[in-house]
Amino acid sequence: MKRKTLLVLCLGIFLTNTLVINKAHADVEQRRAELIKVLDEELREVTRLNKQIGAQRPDLMLRMAQVLLEKARLLKDLENQKYLETPSAQREKLNKDQVYKESRRYFDQAQKTVLVLLKKFKKFDEKGDAYYILAYNAKELKQEEQSKKFFQKALEESKSGSVVADKSRIALAEIYFNKGSFDKSMALYEAALKNKRDKWWTKDAFNLAWSYFKMGRYDKAIDTMTESYELSKNPKFIDMSKSIERDLAFFYTEAGKSNEAIAFYKKNGKSVSDIMLKVGRYLKTQGKFAAAEKTLGEALQYKTSEKEEIELNIELISLYEKFGRDQKHLETSRALSAQFSKGNLTPDQVEILKFNVDKMSALIQQQLVSKTYENQEKIREAKAAAANEYFMMSALVSPEKAQVAYFHAGETYFAIGKFDKAVPLYAESIKRAQLNKDKKTEGQASNAMMVSLGKGVNKKTTEDYLIPAYEGFLSVEPKGDKSSVVYQRLFSAQMGKKNLPAAEKVLMNYKANFPGEVDTQEKMLAQVMDYYKDTGDKVALGNWAKRIEANEFKVNPEYASKVKTLVLGMQFEKVEQASVKGDKRGALKGYLEIYKSPETDNEAKKTAAYNIAVLFYETGDWKQMHAWSDRAVSMMTPAEINKFEKDFILFTTDLFQRRQFAESAALSEKIFDKICTSNSKSTKIFFKNANVIYLADKQFDKSLALLGKAPKCGLGNDVILPGYLDHLTELAASNKWGSFNEVIKNLESSKEMWPQLIYPSSLLASELENIGRPDDARKVRAKMVTYYESARKSKMDVPLEGLDAISLIRLTSLEEQVNKLNSMKLAFPEAEYNKMLKAKFVMLDKITTEAISIAELGSGIGIVRAYRIIVEAHESLRNEMIGFTPEGKSPEYVSSFQKGMVKTSAPLEKQAQDFRETAIKKIEKENILSSDNGWFLSRNTALIPEYFNDKGNVLMDKAGAK
Amino acid sequence: MKKSCLLLFLLTIGMNAQASIQGARRIYQVGDKSRYPQLAAELVQEKMYFSAAPFIKEYLATSRVNDAAVDKVLDDVITAVGVKQFEVLPANILEKSNAPTVRYILAKKAFRAGKFDQAIKYLDRRIEDWHPVKPFALLLEASALAVSKREDKSNAVFRECIDVANSQIKKTDNKDRIRQLQITRDYCVVGIPRAQFALQKHEEANLSYLDLPKSSYIWPEILFEEAWNSFYLKDYNRTLGKLVTYKAPVFNYTFNPEIEVLKALSYMELCLWEDSKKAVEGFYSQYETDNVGYKKFIDSLGKDYRQYYMLVKDHADGKYKENKILSNALANIGRDPAYLELYSSFNNGRDEIERLKGLPNDALKTALNENLRESLSLQRNLIGSYVRGQLQLYAAQVVRAFEDMSYIKLEVLSKRKTELYDDVSMRETGRARGDVAHLRRTDKQYFWTFNGEFWADELGDYVFSLKSECK
């Protein structure tokens, strides 16, 4: 009913306004029609009068021209109106000459009449009037210069003090006034306004006052204005009081006579502040903003009502905005907002306030976003606070767009990283957006709020707003790209708060909006069920299980089964309790039942199998343990195996210790296979164990197969190569040289393996020699040298055994040279002796160089053996020299010769001794353990017993060989 | 100032007629022109004024006068044949005589020429109160003084005129003479308000006009002046009231286009635009066509005074009634005192013809015949000329009235425009007409709201009660 009444009232007001406007329009039309009628009568009367008089009379011609001009002007008004009322599309097509044809005709007639008059009656004493018409005509046709010229002429031709003279003066004065030639307008107005001839005096005096003012004659300006003001009270004059009240205050102000201004307005019963308001407005229109601000600011002191204060503030706010008076602008905005709250602002004022708060808020926001004050934190915060305040005002004055204001306020704080402040604003924006049904802003605010919440806001903010943020987002975008994730987060948040009803609701919404996301639904379901499981709410748990079983949720079969298991697990809860209590038998029985139950899924089965394995381990039944652990591993995922890795290591170790190598190795390999691609550290352990146990059990094929899988499982050479070496070693030990050679060949393809292959190759070379294939052995040794050289160039580390093997190869060659040296026997004649001795020295030198080179390989065996060889070579040569007795020579010669040889060979002895000492030092310093150590260390001592096996290695196995 | 015609009664000179004719014959037979005054005197004795007039005129033109006896003869002749017969003589000839009537003629001529001081000067030589020309001379003198804005003196002379006229009225029982004196007196009565009017003392004039009784022969024409005075007093309702009096059937003869003009003007001043325009249009529709015929008619007569002379008479016999202007004009002239005097003189002149028939056929008779024919012919021409002049005057007045009416209409339209531009009259609620509250009056004035009927005692006292619609 109320609404209806309001509607009727609004309609009434609208219709009234429309009627008033229409009536005014019709009134103008009626008056114009009436005027045209009157003018037509006038024309007829002038014509009739002319006829009566029987001759052309200049005064009648003048009158005729005046009437024609007047009618032309009226017609032009009418044509203008018609033109403007034509729809713009049609208007563009109109021919203006055609539109204004009728008025133009009358203008022309008036013009012609006057021109004929002036030509025919050169002495006509009212020529001024005629020129006045021409001037006016020109003015109408916007021929300003022409108009000015004719007004001037009218003035010259008219009698001094005549109406036309004064009118012409006024017209000229107006022209000059409008052009800003105030000196000229002033003189003309002064002359024209001596007599208060007509009602327009006040209006013209107003212009005169302005002319005075512009010429700096403030007192005259004020006097004239005051006189015009007084006369305006007389109904016989045009009432200029409003304009005068407005401008006089400005005059007073400019003349520095504020007190007089106040006195004037008080005397005339006017509100000083109201006048100053008008002045301020006027100054604004004149572009005198500073003066306007001053005036309006002062006017606030004299305000007499809230209405005035509002009007002043409305004017001031735009000035503050224009001149960047931010603080004042903010204060004024506050004041206006307060008035808005009281409902005191008019619609226009509300619009201005809206514009200002919106503009300022946007401006400050922009400054903050563009990081203008990035390094001025205090200013930045103050600006943000100001922007926020503006946004709040915007929300107040534009409640229908409040959501946008709150959103921008949030954005402002977001821009400066104040997320804790931004979040509540976004939240409010969402709330308002929902209220105002603004989906777009709601979406933006929701997004922004979620982003903000992810920016490290404090706990309270998170607690207060995270869930609303998610909920807000989802209400806008229940099926958006990000929505799935948001549902999950919301679900987690609700679960985190243990708000199960809410979480379940999220789950149901998620299901409704993402029916295809079965996995996620499952996870959510699982969490819900876990919760009930953890809290022991069997009823709730059972209900959910039933819902799943009833296919309310599209879960994958595995999960469905898992749920079943869970329920089943609950049924066998006692089994676990028994296990915990040490009732192994009871526990085993329970687990077996679970395992065997046709309703038990794999998950439950593997758990049961594992638990059974554990129980059998504990009872020492290795066979059962192996069987159940094997089943458990088969069923478990790598992660699950990793989880229980220690137990599995225990199982395999237990099997190994019980000398159940095959079971242990097979279980290890199975586990290795399972966890092959996982990052588990245990992978290496199971690999090594399996390999070692395979080798120990001489299961070379299985070892080789295991080694072949290792790279695929991401194991590095640090693990694989020792495996191969173990494999080769065991092959060598088992005399599986064919396989040995095959393995080496396979490994040879990888250069990385070369340093590692040197030593096994040496074993192969020895075996080849042993079986009478010295050529093949040589080839193998040549390869070893190649491996070594390549490794050296590549700066790869060569295992010590490899270095030893290389040293032995080179030592063999060295020994051959020593043998050659020794085989060259000294003999006389003396020249031959000398030649031979020289050759021997050269050879010895070469041998020494080679030996030192071998020693430098780094092989302990090589070092000691090389030094031994060169010591022996030196000593051997010395002994040969000293022991040589030239045949067929005198004893003196022989004596002298031998003495000479002792002396000559002395350096050899010394060299041999030096090498010996060096070797001893190296042995001690580098902790070299070599079979030649004793040669150096035990010289001249009793023989130390040594045990050498056939293969030259030291048997360290306390248990003794098999 | 209305022209008045002076006709003096023949003074008794104590000679018998027959003797006079014989004396005249003797003088004529001598053939001495210097004795024409005696000859004229002899003829005057025989009441043969028109016959005598040429002799005395010839004497004046050809001789030095300065003779009281001659002046006396001149007075007698002029008094009988009217001043018009002698006005045609040049001033230098007339100035030869000191006869009061000649002085009067000279003053009149000077007055007409706008030489008011000269006119006063001609009349300065004392004219005795008993002299028949005295009231006329006083009227002329007062008028000259009034025109010269010597109000006090003129008022005094006007009052003297009233007294002298009243005095002379009492001493005569000749009806024509009494009428002449009464008219002259009444002109002197209105001379005072006219002078006041001229000096824009309208309030005083308003009162002074009331001194003229409605019974006066000239009252109808003075009513118009009163209307003007009321107009100047901005008492437009009274103006209109006075003007409406002319609608009374008794004033049918009145022809004054200005009456309509003043009416239109009064409506205009009351801002009753439509009434004013109606008056203008009414005037145009009533007279525009007739005026064309009227002008054509006058033009067709040229300067044939004889025809003009016949017009009034013919009109009285029922002719020229179709053209309203012509008819009204002729009716008005027929009532005009000046015309009546001229015509009366002419009739008297015709009586001389009978008398002349009784004389023996001799040279004198021939000469007198010639003289009489000449004088009467002149008199008839004077009448014709007067009629022509009046008709042309009316024609000019009509044209002027048209012009005035047009200007009034233009003014009304102009004011209406101003109203429209100022938007003051579009939403008026209606016109309240006829409210006595709008009237003003003085103690001497009555007022009657005109209700469409004319009553003799109310004539001239009607007032309208229209509310001004001026904003």
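Biologist: Which helix of chain A gives the largest share of the side that touches chain B?

Modeller: In this predicted model, 15 residues of chain A are in contact with 12 residues of chain B. By class, that side of chain A has five nonpolar, two polar and eight charged residues. The largest share of it, 14 residues, comes from helix α1 (residues 2–53) of chain A.

Biologist: Which helix gives the most to the largest nonpolar core?

Modeller: That core holds 283 residues, and those that touch the most other members are Met449(A), Ala40(B), Ile56(B) and Val77(B). With 19 residues, the helix that gives the most to this core is α20 (residues 363–422) of chain B.

Biologist: What is Met449(A) in contact with, leaving aside its neighbours within four places in sequence?

Modeller: Met449(A) is one of the residues that touch the most other members of the largest nonpolar core. Leaving aside those sequence neighbours, its contacts are Val423(A), Tyr426(A), Ala427(A), Ile430(A), Tyr465(A), Ala469(A) and Gly472(A).

Biologist: Why is α14(A) described as largely enclosed by the rest of the structure?

Modeller: A residue is buried if 20 or more other C-beta atoms lie within 10 Å of its own, and in α14(A) the buried residues include Val272(A), Ile275(A), Leu277(A) and Leu283(A). Helix α14(A) is therefore largely enclosed, the number of its 14 residues that are buried being 10.

Biologist: How many Å apart are the end C-alpha atoms of helix α14 (residues 272–285) of chain A?

Modeller: At 1.5 Å a residue, the 14 residues of this helix should span 20 Å. The separation of its end C-alpha atoms agrees with that expectation, because they too are apart by 20 Å.

Notes
Residues numbered from 1 in each chain as written. Chains lettered and ligands numbered in written order. Predicted model: local features only at pLDDT ≥ 70, side-chain atom pairs only at ≥ 80, totals over all residues. Helix = DSSP H or I, 4+ residues; strand = E, 2+ residues; numbered from the N terminus. Expected span 1.5 Å × (residues − 1). Buried ≥ 20, exposed ≤ 12 C-beta atoms within 10 Å, placed from the backbone. Core = buried A, V, L, I, M, F, W, Y, C linked by C-beta atoms within 7 Å. Contact = placed C-beta atoms within 7 Å. Nonpolar A, V, L, I, M, F, W, Y, C, P; charged D, E, K, R; others polar.
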